[in-house]
Amino acid sequence: MNAVGSNNRSTLAKRQQSVRPFDSVRRTTCRNCPAGCGVKVFIKDGGIVDIFGDEDHPTNKGSFCPKGLLSLYHLKNPNRLAEPRIRESLDAPLRPVGWDEALEFTADGLRRMADGRRRESLFVMGAETAPTDFLLGGERFGEALGTPNRPSRFHPAPFHATGKVQEMFGVPASQLLMNAPRDWCNSRCIVVYGCDLAASDPITFGPVIDARDRGTALVVIDSKRTMTAIKATVFLQVRPGSRATALKGIIHLLFGDERVDREFLAESTEGFERLEKDLADFTPEHVAGVCRLCPDDLIRAADLIGRNKPVQLIAGDWNTRRHLSDQDLCLGAALVCLRGSVGIPGGGLNLLNVSPFADGGGPPPHRSLEELLLDPEKPVGVLICHGNPFAGLAGGRPTRAAFRELPFVVHCGSYPDATSRNAHVSFPLSDWPEYSGLVAHGNGRAIQWCNKVVEAPGRCRSPLEFWTGLGHACGAGDFFPWLTDDGAVDARAAADFFLGRNPLTGAASVAALDPEKNPPGGLLWPCVDAGDLEFEEDRFIRGDVRGRNILFRRRRTYPGSDRRFPTASGKVRYPTSSGGGETGDMGAAPPALPLMLTTAVPVDSIPALGQFVSDRTRRSKPPPVRVHPRLAKLLDLRGGDPVVVENHRGRITGALVPDSGLDARVIWCPDGIDPHQPDYAGDGPMLLFAAAADPFAWVSIHGPDQDAEEARRRLAAFLETAGPGS
Amino acid sequence: MRLVFTGRQMGSETFDPARCDADELVMMVDVDRCIACGACELACQLEHGETAGAPGALRPIMVGTDDQGPTVLPPLACRHCETPCEYHDDYNFWITCPSSRDRWIGKAYCDACAGRLERGLWPACATRCTMKTIFFGRPSDIAFVLNEKRLREMGDVEIKPFDR
């Protein structure tokens, strides 16, 4: 028996230190999710032998989440793509070729499109969580080839400069994280709106839990009892799609109890009187009926928000931001304004996954890729994409069939997936420790630098090398002027180029960002003058990242503006119409589809890589379908039994997992599933959704050997008797 | 090694350092902070060279915070074998693993990362925990941290709504 108890060492330290032999330790920044944690990588003979969080980094302070740890296995995963592959038609298999040939092949494909069609038939697409360099290079490439259809046009519309938040504050929602996480411990009440931070951004959840440990009230509004929700002081479990109604109910109560900061409203806002009138009917009873809440819970939540100040609201993490509407964002902003919590420590509308580069400044976003695919005009000629959009396509078989008919698809990524299955070219991209570059999207309003610490496998190249190579192959080399004399991409020169031309990052440079030469954590943006390169220190805040921690402070002007709020009037203006009907107001259930299918990512799902890197099991398994135990019993199904979830758009199969954290009328299946991944053998739930922005899909469920009609009859009868909160 | 769970809903007794040897090692898990992310499980696999997916390099136990909803996954230095031990009696207990048999791939039982302990470092699971949930040290260190936690919590006063 190991004599653990008789260890004689006198001190034991929590140090992020490896005990394996290593040559060097490098500091870099993780790119797996928008938290942007500092990493210490232990290297031996050019390979990574161990990985830890960086204790000195202010975001994670040494902690590391499963996504970061899984990087170690991911980087050495034999399934990774190592060379470019091409094919003339989808009937043939992809064949490996060199980079020059693949780039030339792609340039030819682009030329063929340009011959017959307009420039706008080129679509460059990447999720907001795609590597910054991919998005920057993609925007640049679109600019070079004269198409407006660049990555920013695929990001959710409410976050764009044409969204209502821009109208309110003069700043688009893609840039509106008012108070940096360093400040969150000053909140007395934190509202987490529709996010499961514990699953999608656990390190970002750290400051929230720290605050809660100190007595800050936590109000969580969501439709599933998630790990975030069980940490709440008050959890409002709302019917999927009815979050905004819950907010309206809370704001109605705040007005009613006169818990609004009239002084702030008079001094700095206009149009909020209309809001009070508009919400006159949203009494607790009405709201409880719509949201399937108990009125008392709503009153408790409003009470916590009304009695505690400052209040902040967190929303818009990378997984749930597509479900947010203009109305969600405006109401969230209104809540914070009404509580006088703008521009003060502990306050703020803190939208996550912000980036100074998100807004291309171009035309408003497309509604969705699905709509483009189903457009009879067939606007998409060439699609260059990252992040496996095929697997996440809503709209069932028609959109997938339309995707397969696209004339030319270019896939960029790390693994073979459903998109590469339907692509004509596939380029293998390096992963985060394998190339240097900017890390701009984040939950901390910081821009950081990620150092290359190991060589990529095979013939992987960085996103910027891909775009620069493609730009030169298309004869647009002038747009990519950052090659060294021997033809390599100078990542630092490129980054300085992009930083310099963006007014929000004018004072930043790679020299000021490198975590091995500067305090880790990067710089908070907007950083427009030399003062923004210092640690903020006054009686309100002692910043641990250089830059401005709190936006819209009194007696300060917004960077690049001469007023506190950079709107026409200088005040926060509540929009006359905040986007019409509620997203997710999807009417009553269709007769044969009584259940709501919801989805989210599990904790080890990495935005662009899905579940590939998990590899926690060796065999393919059906995805879990979480179902309330009462519902399972109704259908004579037990945990582990196979189930079929279907509607008129298609069907998916999974294994039943009982979960009493769901409302009995709601079922759940994880997102980020691809039938070509080694972990799961099946389609993901998005197949059954009408649109990716929808909070749920109407479905029916039954065992594979059961009669579907009989199952529906039982469900319908049961649901008629189910009341709120059952 | 002694394993202690703490948390508002755990109902565990006050941890009494006088009940332990001063030299004993204690791993404390703050269930209030645990989010069941599984980083501890992965940290163990990484530290002991297993590939991801090896069954139970470290087996987290499922601790339900109430009868609804998801359970948390604090780490447990146990192999869940059939040999009886004092584990299930109380939340403060010994891990006296009477078995050193090789039941799992390559590993016998938890030794609190003896290789790390020798260098004065915490075990891998405690070092890498995402939410800084796991604390490791001597009984006096643990008592200090628990006291701090209670002091912080004294700010958490439940507000009751007005009657309507």
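Two strands pair if DSSP finds at least two bridges between them, and strands themselves are DSSP runs (E, at least two residues), numbered from the N terminus. This is a predicted model, so local features need pLDDT of at least 70 and side-chain atom pairs count only at pLDDT 80 or more, while totals for chains, interfaces and linings use all residues. Residues are numbered from 1 along each chain as its sequence is written, chains are lettered from A in the order in which they are written, and side-chain values use heavy atoms, with hydrogens and water left out.

**Exercise 1.** Work out the strand order of the sheet that holds S1, S2 and S3 in chain A, and find its edges.

*Solution.*
- Step 1: the order is S1-S2-S3 in an open sheet of three strands, and the pairing is antiparallel.
- Step 2: S1 (24-29) and S3 (47-53) of chain A each have a single partner strand, so they stand at the edges, with one side of each left without a neighbour in the sheet.
- Step 3: from one strand to the next, the twist averages 30° (axes are lines fitted to C-alpha atoms, and angles run from 0 to 180 degrees between N-to-C directions).
- Step 4: zoom in on S2 (residues 38-44) of chain A, which pairs with S3(A) over six bridges. One residue to check is A:Ile43, whose bridge partner in S3(A) is A:Ile48.

**Exercise 2.** Find out which parts of chain A the pair A:Asp659 and A:Lys224 ties together.

*Solution.*
- Step 1: apply the salt-bridge rule, a side-chain nitrogen of Lys or Arg within 4 Å of a carboxyl oxygen of Asp or Glu. The closest N and O atoms of A:Asp659 and A:Lys224 are 3.8 Å apart, and the two form a salt bridge.
- Step 2: place the residues. A:Asp659 sits in the loop between S23 (650-658) and S24 (666-670), and A:Lys224 in the loop between S8 (217-222) and S9 (234-237), so the pair links parts of chain A that are 435 residues apart in sequence.
- Step 3: look at accessibility. Both A:Asp659 and A:Lys224 are buried (under 20% relative accessible area; exposed is over 50%, partly exposed in between, with a 1.4 Å probe and protein chains only).

**Exercise 3.** Classify A:Asp514 and A:Lys517 as buried or exposed.

*Solution.*
- Step 1: the two form a salt bridge, with the closest N and O atoms 3.5 Å apart.
- Step 2: A:Asp514 has a relative accessible area of 2%, so it is buried.
- Step 3: A:Lys517 is at 65%, so it counts as exposed.

Conventions
Helix = DSSP H or I, 4+ residues; strand = E, 2+ residues; numbered from the N terminus.
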